[in-house]
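Here is a friendly walk through a protein–DNA model, taken one layer at a time. Please keep the viewer open as you read.

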Number of protein chains: 2
Amino acid sequence: MAQTAPQTRMTVQRSVILDELRKLNTHPTADELYNIVRKRLPRISLGTVYRNLEHLAQSETILKLNIGENIKRFDGCCDKHHHATCLVCGRIYDIPLEDMPEEPRPKVPGFTVTGANIFFEGYCTGCRS
Amino acid sequence: MAQTAPQTRMTVQRSVILDELRKLNTHPTADELYNIVRKRLPRISLGTVYRNLEHLAQSETILKLNIGENIKRFDGCCDKHHHATCLVCGRIYDIPLEDMPEEPRPKVPGFTVTGANIFFEGYCTGCRS
DNA sequence: ATAGGTGCAAAACTTTTGCGTCAAG
DNA sequence: CTTGACGCAAAAGTTTTGCACCTAT
């Protein structure tokens, strides 16, 4: 018989996780988001947050980032954009595409470039001193 | 009294770690490198490898990357270059600057861009099929 | 001789997973 | 009803650290 893609259910937990993630522009870690979501759903488990973030990233509803230091961060906005880290405070900012000059496409022998993910670094207003 | 920067000693372990890392272009994880170094220094500990990689990255002798999935990878080459990941096999390649068109510098209100780190994605020769 | 580095083992974290139960569709 | 998702807790995996001893300088 034909493989059917498993259906996906919109549970309270999933929608609260998504809702809270979308309110933030801080690119929280799973654990940070867990602590926020817990205020609305005190009995939710960290495992559920991980599972849902993974699921949402898989279905391209959210973005999963691997930036700077050790930890995976999540981004509620799935529009393509780049990121910038402040070298002083470490905060992560979004760089909308309209601020971008153009995406570079290097000619690399033996490799076909299809896309790029750019992490800029620099200083944000508060830290430029 | 004036703070003196702690001196740094070239131990056998440190030089073997650096030597092996420089032989590779695979951007190994700490653990992978540990297993390679262990062939020459069977009694070395994983903690020592972590400590040294951290130290070498700190002193800008090597590069510490955070790419793709969960894990930190290290790069023995400290010349500035970008990286590319194959969407199929996941291998990480170096993109030398001479292959680069030009580095984009977006005009972002409230943020001064000083540099960029670009991760390209695409397909390597073996995987393009 | 001094103090930075090492090996070992334990601890701290982050992330994943097995299982019995619950609930969305 | 069916089965995807949940909560819980245990496990797995990665990275850090305390401590006593060693060794580069």
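The paragraphs below go from the two protein chains to their shared sheet, then to a helix pair and the DNA.

This is a predicted model, in which local features need pLDDT of at least 70 and side-chain atom pairs count only at pLDDT 80 or more, while totals for chains, interfaces and linings use all residues. Residues are numbered from 1 along each chain as its sequence is written, and chains are lettered from A and ligands numbered from 1 in the order in which they are written.

Let us begin with how the two protein chains relate. Two copies of a chain are related by a rotation about an axis and a shift along it. Here, a rotation of 179° with 0.0 Å of shift along its axis places chain B on chain A, with an RMSD of 0.2 Å; the fit is by least squares on the C-alpha atoms of residues with pLDDT of at least 70 in both copies. The two copies are therefore related as by a two-fold rotation axis. To find that axis from chain B, look for B:Ile118: its C-alpha is the nearest one in chain B, 2.2 Å from the axis. Both copies use the same surface, since 100% of the contact residues of chain B recur in chain A.

How many residues of each chain are in contact with the other? The contact involves 35 residues of chain B and 36 residues of chain A, where two residues count as in contact if their C-beta atoms, placed from the backbone, lie within 7 Å. On the chain B side, strand 4 (92–95) and strand 5 (111–124) each supply at least two residues. Strand 5 of chain B gives the most, with 14 residues. Helices and strands here are DSSP runs numbered from the N terminus: helices are H or I with at least four residues, and strands are E with at least two. Sorted by class, the side of chain B that touches chain A has 17 nonpolar, 10 polar and 8 charged residues. In this sorting Ala, Val, Leu, Ile, Met, Phe, Trp, Tyr, Cys and Pro count as nonpolar, Asp, Glu, Lys and Arg as charged, and the others, Gly among them, as polar.

Next comes the sheet. Strands of a sheet pair through backbone hydrogen bonds, either parallel or antiparallel. Strand 5 (residues 111–124) of chain A and strand 5 of chain B pair in the antiparallel sense over 13 bridges; two strands pair if DSSP finds at least two bridges between them. You can trace this pairing residue by residue: A:Val113 has B:Gly122 as its bridge partner, A:Gly115 stands opposite B:Glu121, and A:Glu121 is bridged to B:Gly115.

Stepping back, the open sheet has 6 strands in the order 4(A)-3(A)-5(A)-5(B)-3(B)-4(B), with mixed pairing. Its edge strands are strand 4 (92–96) of chain A and strand 4 of chain B, each pairing on one side only. Within chain B, strand 3 (residues 82–86) pairs with strand 5 in the parallel sense over 4 bridges; B:His83 is bridged to B:Phe119, and B:Thr85 stands opposite B:Glu121. In chain A, strand 3 (residues 81–86) likewise pairs with strand 5 in the parallel sense over 4 bridges, with A:Cys86 opposite A:Gly122.

Now for a pair of helices in chain B. B:Val16, B:Ile17, B:Glu20 and B:Leu21 in helix 1 meet B:Leu33, B:Ile36, B:Val37 and B:Arg40 in helix 2. By class, this contact has 6 nonpolar, no polar and 2 charged residues.

Finally, turn to the DNA. Which residues come nearest to DNA strand C? Of the 30 residues around DNA strand C, the nearest are A:Gly47, B:Gln13, B:Ser45, B:Gly47 and B:Thr48; a residue is near a strand if its C-beta atom, placed from the backbone, lies within 6 Å of it. Helix 3 of chain A gives the most to this surface, with 5 residues. Around DNA strand D there are 30 residues, of which A:Gln13, A:Ser45, A:Gly47, A:Thr48 and B:Gly47 come nearest. Here helix 3 of chain B gives the most, with 5 residues. By class, the surface near DNA strand C has 9 nonpolar, 12 polar and 9 charged residues, and the surface near DNA strand D has 9 nonpolar, 12 polar and 9 charged residues.
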